[in-house]
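Thanks for passing this one along. Here are my notes, set out point by point so that you can follow them with the structure open.

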Amino acid sequence: MAEIRNITSPQNNAFKAACKWTKAKEARKEGVFLVEGVRWVKEIIAEPDWPVLGIWISETLEKQDPAFLTLLAEKASCPVNIVPDDMFGRLCDTETPQGAAAFVKRRVCKVNDVVKDALKNDTKAPLLVILENLQDPGNVGTILRTLDAAGGTALVLTKGTADIFSPKVVRAAMGSLLHVPVCLVESAAPLEEALTKAGFTVLAATLQDAVEPYDVAMDGKLAIVIGNEGNGLSAEAVESATQGVKIPMIGKAESLNASVAAGILIYEAVRQRR
């Protein structure tokens, strides 16, 4: 059973350490990220691959939901800390905290391992999404959530893309971070070339020499590359792709949100695979 601790002083060492983890630089340095909300704390303690370093509960939630505290006492493998509401607020990124938060060890996968494992599955063609320098946390989290819903294989992020473990990305992903392997690479082009050699079709979202997604086969081994919100993909990423794809713009809008464009491409692949 988990240790239940009542902490009332901001000078408590465990609380001070947790406060440090709320800072982006410290969180990256220590390899920690924040999960907020009763639902996600329940889910994270049921995932053995994601070590939880500490759980924090507000005094208000303790009184309102004693069954939740009982569950944590039985299932959590780390200390459960109950703190006054004002102290709890200092640990959270949201303006109206739900009263439950957990600090979790970050976990990233090697893209080579993910691809090798996916290729062993003869009944399901791999579907990867590669994000190159995508900087909006909401877009990154939403794409991860969409890929999860579509049964995708993995999300790959290049250097310069928003931190997948930042609170805004984690919130936008709505728990999908726990379900879809995430891989980090320096740049997209070398990975695209390696995937092509492995028999993947690599589609770059671009206007350059592009066809509509409905005119290209997406039912086999597939990687979709999405670029920066303002500048699109680098020339190297476009050149390394098998084919450019563009979504038809019938109305007067000049472009689509990156996460919307990614969703259309992901679900065209789903449609072709059904």
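1. Let me begin with helix 7, bearing in mind that this is a predicted model. On one side of helix 7, which covers residues 111–119, Asn112 and Lys116 are exposed. Across from them, the buried residues are Val111, Val114, Val115 and Ala118. Looking down the helix axis, you will find these buried residues within an arc of 95 degrees, so they line one face of helix 7.

2. What lies over that buried face? The cover for the buried residues of helix 7 includes three strands, namely strand 6 (127–131), strand 7 (154–158) and strand 8 (182–185). Helix 10 (188–197) is also among the elements that cover them.

3. Strand 8 deserves a second look, as Leu184 lies in it. Is Leu184 buried or exposed? Its relative accessible area is 52%, and the cut-off for exposed is over 50%, so Leu184 counts as exposed. Leaving aside residues up to four places away in sequence, Leu184 touches Val108, Cys109 and Leu157. As for distances, 21 Å separates the C-alpha atom of Leu184 from that of Ala149, with the two positions 35 residues apart along the chain.

4. Next, please turn to the surface around Met249. This residue sits in the loop that runs between strand 12 (243–245) and helix 12 (258–273). With a relative accessible area of 34%, Met249 is partly exposed. Together with Leu256 and Val260, Met249 forms a nonpolar patch on the surface. The accessible area of the three residues together is about 220 Å².

5. Now for the chain as a whole. It contains 12 helices and 12 strands. Its radius of gyration is 21 Å, close to the 19 Å that the globule rule gives for 274 residues, so the chain is as compact as a globular protein of that length. The C-alpha trace spans about 60 × 40 × 30 Å along its principal axes.

6. Two further totals describe the inside and the outside. Of the 274 residues in the chain, 49% are buried. The chain exposes about 13,800 Å², and carbon and sulfur atoms supply 49% of that area.

7. Finally, a word on contacts along the sequence. If you take the contacts between residues at least 6 apart in sequence, 80% of them join residues at least 24 apart.

How values were computed:
Residues are numbered from 1 along each chain as its sequence is written. This is a predicted model: local features need pLDDT of at least 70, side-chain atom pairs count only at pLDDT 80 or more; totals for chains, interfaces and linings use all residues. Side-chain values use heavy atoms; hydrogens and water are left out. Buried means under 20% relative accessible area, exposed over 50%, partly exposed in between (1.4 Å probe, protein chains only). Helices (H or I, at least four residues) and strands (E, at least two) are DSSP runs, numbered from the N terminus. The arc is that of the directions from the helix axis to the C-beta atoms. Contact means heavy atoms within 4.5 Å. Patches are made of residues with over 30% relative accessible area and no salt bridge: like charges are joined within 9 Å, nonpolar side chains (Val, Leu, Ile, Met, Phe, Trp, Tyr) within 5 Å. Accessible areas come from the Shrake-Rupley method with a 1.4 Å probe; for residues, only the protein chains shown count as cover. A salt bridge is a side-chain nitrogen of Lys or Arg within 4 Å of a carboxyl oxygen of Asp or Glu. The radius of gyration is taken over C-alpha atoms; the globule rule is 2.2 Å times the number of residues to the power 0.38.
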